[in-house]
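Me: Please take a close look at a single part of this model and at what surrounds it. I would like one connected account rather than a list.

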Amino acid sequence: MLLNVGTFIRSATRFSPFIITHSSPSSPSSFCFSFSPKQTVSFTLQSSQMASFTTLSQSPPKLLFRQLFEKESSTYTYLLADCSHPDKPALLIDPVDRTVDRDLNLVKELGLKLIYAMNTHVHADHVTGTGLIKGKVPGVKSVISKASGSKADVFVEAGDKISFGDLFLEVRATPGHTMGCVTYVTGDGPDQPQPRMAFTGDALLIRGCGRTDFQIFTLPKETLLYPAHDYKGFSVTTVGEEMLYNPRLTKDEETFKNIMENLNLAYPKMIDVAVPANMVCGLQDLEPKAD
């Protein structure tokens, strides 16, 4: 039986080297393994750190998924693609300007066709890479929520679906950190990846949160949560874990409000540069440079 999904449960590393599902073992960008269902596998990465993967036999062999890390702002960028589709359509969630070339090189190496560059919200700690991506890859469309007040090719609202091949992301409004925050959730259905995955931006972090409401917790407890940032070396969590262990969201409303009002956070060092740039999706109308 082919490995359908490798789930990065917890790691001290700052990136996920690969999490790929693919139905064609002959493809040069495929990774196919033979394990029994629910088997946990440990292996040594090049950095000599250990990662734990769990096989989930019920997931269809379609989704290619990569988690990428930008160290200056501790930002995660996510690459998703439908590998079973002839065009291998792909999208990037929360790209960073500093790592656009890295991300586009990966897209090229994997033989993907990038169609969307998406943001969960207007970031204050880095400049989005969407503008640069649009200048380097003609035809890519930028995506952000309508409530963000930002500029983009496609504006989304709660309930919208963003399709890439035969897969799709569902849009959920999760305001609080900003009024325009959205969470992108993989589709629900027998032909969609299971367990579901939610890309929460800054609304929900691992054992933490930005300024948020609690709509993410209406998802099934096994839903995998992928935040936009992590500062402690984690990479993924679940709804069930955060309901039990999140030190902010396990408190009553008044305690939560008191915690959030007394964080005494430093003024974001990139905010005066990042917010104006991100309000136009990182130089939205940047023209590609002539060779």
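Reply: A residue is called buried when its relative accessible area is under 20%, exposed when over 50%, and partly exposed in between (1.4 Å probe, protein chains only). The model is predicted, so local features need pLDDT of at least 70 and side-chain atom pairs count only at pLDDT 80 or more, while totals for chains, interfaces and linings use all residues. Residues are numbered from 1 along each chain as its sequence is written, and side-chain values use heavy atoms, with hydrogens and water left out.

The part chosen here is helix α1, which spans residues 100-109; helices (H or I, at least four residues) and strands (E, at least two) are DSSP runs, numbered from the N terminus. Its buried residues are V100, D103, L104, L106 and V107. Viewed down the axis of α1, these fall within an arc of 155°, so they line one face of the helix; the arc is taken over the directions from the helix axis to the C-beta atoms. An α-helix has 3.6 residues a turn, so residues three or four places apart point the same way. On the face of α1 turned away from the buried side are the exposed residues K108 and E109.

The buried residues of α1 pack against the strands β5 (63-70), β6 (75-82), β7 (89-93) and β8 (113-118), and also against helix α2 (130-136), contact meaning heavy atoms within 4.5 Å. Just after α1, G111 adopts a positive phi of about 70°.

A wider view is given by the nonpolar cores, each a set of buried Ala, Val, Leu, Ile, Met, Phe, Trp, Tyr and Cys residues joined through side-chain atoms within 4.5 Å. The largest has 25 residues, and L80, I93, M118, I162, L169, Y184 and F199 have the most contacts inside it. Apart from that core lies another, of 17 residues, which includes L106 as well as C83, L112 and A117. L106 is thus named both among the buried residues of α1 and in this other core.

The cysteines deserve a closing remark. C83 counts as buried because its relative accessibility is 7%, and C181 counts as buried because the value there is 2%. With a disulfide defined as a pair of cysteine sulfur atoms within 2.5 Å, the count of disulfides in the model is zero.
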